[in-house]
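Colleague: I have a model on my screen and would like to learn how to read its features one at a time. Could we go through it slowly together?

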Amino acid sequence: MNNSAIKYCVILLSILLNIPGFSQESSDKNAVKVNVSAFAFKGFGLQYERQIGRKITVALGYSKIPEGNIAFQSAIKNLIDDPDVNVGDFKLGTSIITPEIRFYLSKKGAFHGFYLAPYGRFSGYTMQVPVNYSSTNADRTAVFSGKINNSTFGLLLGSQFKPGGKLYLDWWIIGAGIGSASGNLVAATPLSPTEQNELKNELDNLDVPFTTIKSQVNNNGATVTTTGSMAGIRGLGLNLSFRI
């Protein structure tokens, strides 16, 4: 997660909390949520939602998944489409901050029924990417480690309903966003001149849609820099919500 994204979210929350009337104590205008869907990925997700109008709320969420093997490996493999990239040995961790504004469509107002939510999503991905290359004696693997930061903006369709008491269920149905991503990955390993050429050829042949990849290789290893646009899908999430 880059520092500018964190500062942006802190400033946004501070402004909202100081709007006249916004910070006044009032029962049932707040909700604290736990994203139970994140448990399937061995991570966690939390969100705070605050009502600021009869049908309008603001929310700020944070989620994190520790570094581990990636899900949907077949889809990632098709996207990269390079046999020298060991997708099965990928390691990926995420940290995401998501501010949003919700417009509820139900006559019951905030926290009830369907809603539309414009959102921003500021993500940091730590990863390890193994890349195969040839050497004089045998095939070798360079493991690239580093971080990619991503900022996207989009629209989410969701629905919130009340099973009973102060317990609600918040269902993120479907959403989509578009934005930009950039990062650096480094493989620190001694390389002979022949190995440098072979690894450089492999890196130059990498082709990821909508992404520009630049690489530098020397006798101490290699560095990969990525920049480009990114589209993302958000949805199929289920949250337990508690009104306070």
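Modeller: Let us begin with the word contact, which means that heavy atoms lie within 4.5 Å. Please keep in mind throughout that this is a predicted model.

Colleague: With that in hand, which residues is Phe111 in contact with, leaving aside its neighbours within four places in sequence?

Modeller: Leaving aside those neighbours within four places, Phe111 is in contact with Asp28, Lys29, Asn30, Ala31, Glu49, Gln51, Thr57, Tyr104, Gln160, Tyr168 and Arg243. Phe111 itself is found in the loop between strand E4 (91–104) and strand E5 (113–134). One of these partners, Lys29, is 82 residues apart from Phe111 along the chain, and the C-alpha atoms of the two are separated by 9.0 Å.

Colleague: Is Phe111 buried or exposed?

Modeller: Buried means under 20% relative accessible area. Phe111 has 0% relative accessibility, and therefore counts as buried.

Colleague: How should I read the pairing of strands, and which way do E1 and E2 run?

Modeller: Two strands pair if at least two bridges are found between them. Here strand E1 (residues 30–35) and strand E2 (residues 44–51) run antiparallel and are joined by five bridges, and Val32 stands opposite Tyr48 in E2. E2 also pairs with strand E3 (residues 56–68), in the antiparallel sense and over eight bridges; within that pairing, Arg50 has Val58 in E3 as its bridge partner. With four residues between them, E2 and E3 form a hairpin.

Colleague: Where is Thr212, and what does Thr212 touch?

Modeller: Thr212 has its place in strand E8 (residues 211–218), and, not counting residues up to four places away in sequence, Thr212 touches Thr225, Thr226 and Thr227. Thr212 and Thr227 are 15 residues apart in sequence, while their C-alpha atoms are 5.3 Å apart in space.

Colleague: Why does Thr212 count as partly exposed, and how does Thr189 count?

Modeller: Partly exposed is the range between buried, under 20%, and exposed, over 50%. Thr212 counts as partly exposed because its relative accessibility is 42%, whereas Thr189, with a relative accessible area of 18%, is buried. Thr189 is found in the loop between E7 and helix H3 (193–204), and its contacts, leaving aside neighbours within four places in sequence, are Arg140, Asn219, Asn220 and Gly221.

Colleague: What is there to read at Gly179 in strand E7?

Modeller: Gly179 lies in strand E7 (residues 167–188) and touches Ser151, Thr152, Gly228, Ser229 and Met230, not counting residues up to four places away in sequence. The C-alpha atoms of Gly179 and Gly232 are separated by 8.5 Å, although the two residues are 53 residues apart along the chain.

Colleague: Finally, which residues of the largest nonpolar core touch the most other members?

Modeller: A nonpolar core is a set of buried residues of certain kinds, such as Leu and Phe, joined through side-chain atoms within 4.5 Å. The largest one has 18 residues, of which Met127, Val129, Ala142, Phe144, Leu185, Leu199 and Leu203 touch the most other members. Two or more residues are given to this core by each of E5, strand E6 (139–164), E7, H3 and strand E9 (221–243), and E5 gives the most, with five residues. A second, separate core of ten residues includes Ala31, Ala110, Phe111 and Tyr168, which brings us back to Phe111 and to Ala31 and Tyr168, two residues among its contacts.

Key. Residues are numbered from 1 along each chain as its sequence is written. This is a predicted model: local features need pLDDT of at least 70, side-chain atom pairs count only at pLDDT 80 or more; totals for chains, interfaces and linings use all residues. Side-chain values use heavy atoms; hydrogens and water are left out. Buried means under 20% relative accessible area, exposed over 50%, partly exposed in between (1.4 Å probe, protein chains only).
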